[in-house]
Amino acid sequence: MKIHHICFFSQILNRDFEYRAIIPETQSQSPFPVLFLLHGYGGNSMEWLEKSSIDRLAEDYSMAI
């Protein structure tokens, strides 16, 4: 599994945004099914990785999250 951290600047909103993508390393065919998760107000892009086993589920189900 690879965890990508992406940070970019939004000119329209005039601020930085970041997200994390979990990509499984299984041998299944691409493209992977994708699950988008949103953290709550006051959270950050690490919240799902720190407070759940979402990385294991991504690998078990060959899903990009």
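## Notes on a predicted β-β-α-α chain

1. A good place to start is the pair of strands: β1, residues 2–10, and β2, residues 15–23, run antiparallel to each other and are held in register by nine bridges. To pick out one of them, look at Ile3, whose bridge partner in β2 is Ile22. Keep Ile22 in mind, as Ile22 turns up again in the nonpolar core. One caution before going on: this is a predicted model.

2. The two strands make a hairpin, with four residues between β1 and β2. Asn14 sits in that loop, and its phi is positive, about 60 degrees, even though Asn14 is not a glycine. Is Asn14 buried or exposed? Asn14 is exposed, at a relative accessible area of 59%.

3. Now step back to the whole chain. There are two strands and two helices, and reading along the sequence gives the order β-β-α-α. The C-alpha trace spans about 40 × 25 × 15 Å along its principal axes. Of the 65 residues, 18% count as buried. As for how the chain comes together, take the contacts between residues at least 6 apart in sequence: 47% of them join residues at least 24 apart.

4. Which residues make up the largest nonpolar core? There are five: Ile22, Leu49, Ile54, Ala58 and Ile65. Ile22 belongs to β2, which covers residues 15–23, Leu49 falls within α1 (47–51), and Ile54 and Ala58 fall within α2, residues 54–60. So if you colour this core in the viewer, you will be marking a set of buried nonpolar residues joined through side-chain atoms within 4.5 Å.

5. Ile54 is worth a closer look. Setting aside neighbours within four places in sequence, Ile54 is in contact with Ile22, Leu37, Trp48, Leu49 and Ile65. Among these, Ile22, Leu49 and Ile65 are also members of the largest nonpolar core.

6. Helix α2 also carries a salt bridge, and the count for this model comes to one. The partners are Asp60 and Arg56, with their closest N and O atoms 3.4 Å apart. Why can these two pair up along the helix? They are four residues apart in α2, so about one helical turn separates Asp60 from Arg56. Arg56 itself is partly exposed, with a relative accessible area of 46%.

7. Just past that helix there is another backbone point to check. Ser62, in the segment after α2, has a positive phi of about 50 degrees although Ser62 is not a glycine. Ser62 is buried, with a relative accessible area of 16%, whereas Asn14, the residue with positive phi in the hairpin loop, is exposed.

8. Finally, the pocket. The largest one has a volume of about 470 Å³. It is lined by 19 residues, and the closest to its centre are Tyr19, Arg20, Phe36, Leu37 and Ile65. Two elements give two or more residues to this lining, namely β2 and α1. Which of the elements gives the most? That is β2, with six residues. Two of the names near the centre are familiar by now: Leu37 and Ile65 are both in contact with Ile54, and Ile65 is in the largest nonpolar core as well.

Technical notes: Residues are numbered from 1 along each chain as its sequence is written. This is a predicted model: local features need pLDDT of at least 70, side-chain atom pairs count only at pLDDT 80 or more; totals for chains, interfaces and linings use all residues. Side-chain values use heavy atoms; hydrogens and water are left out. A salt bridge is a side-chain nitrogen of Lys or Arg within 4 Å of a carboxyl oxygen of Asp or Glu. Buried means under 20% relative accessible area, exposed over 50%, partly exposed in between (1.4 Å probe, protein chains only). Contact means heavy atoms within 4.5 Å. Two strands pair if DSSP finds at least two bridges between them. On a 1 Å grid over the protein atoms alone, a cavity is a set of points where a 1.4 Å probe fits but cannot get out, and a pocket is an open set with protein on both sides within 12 Å along at least five of seven lines; lining residues have an atom within 4 Å of a point. Grid points are joined across faces, edges and corners, and a volume is the space filled by probe spheres set on the points.
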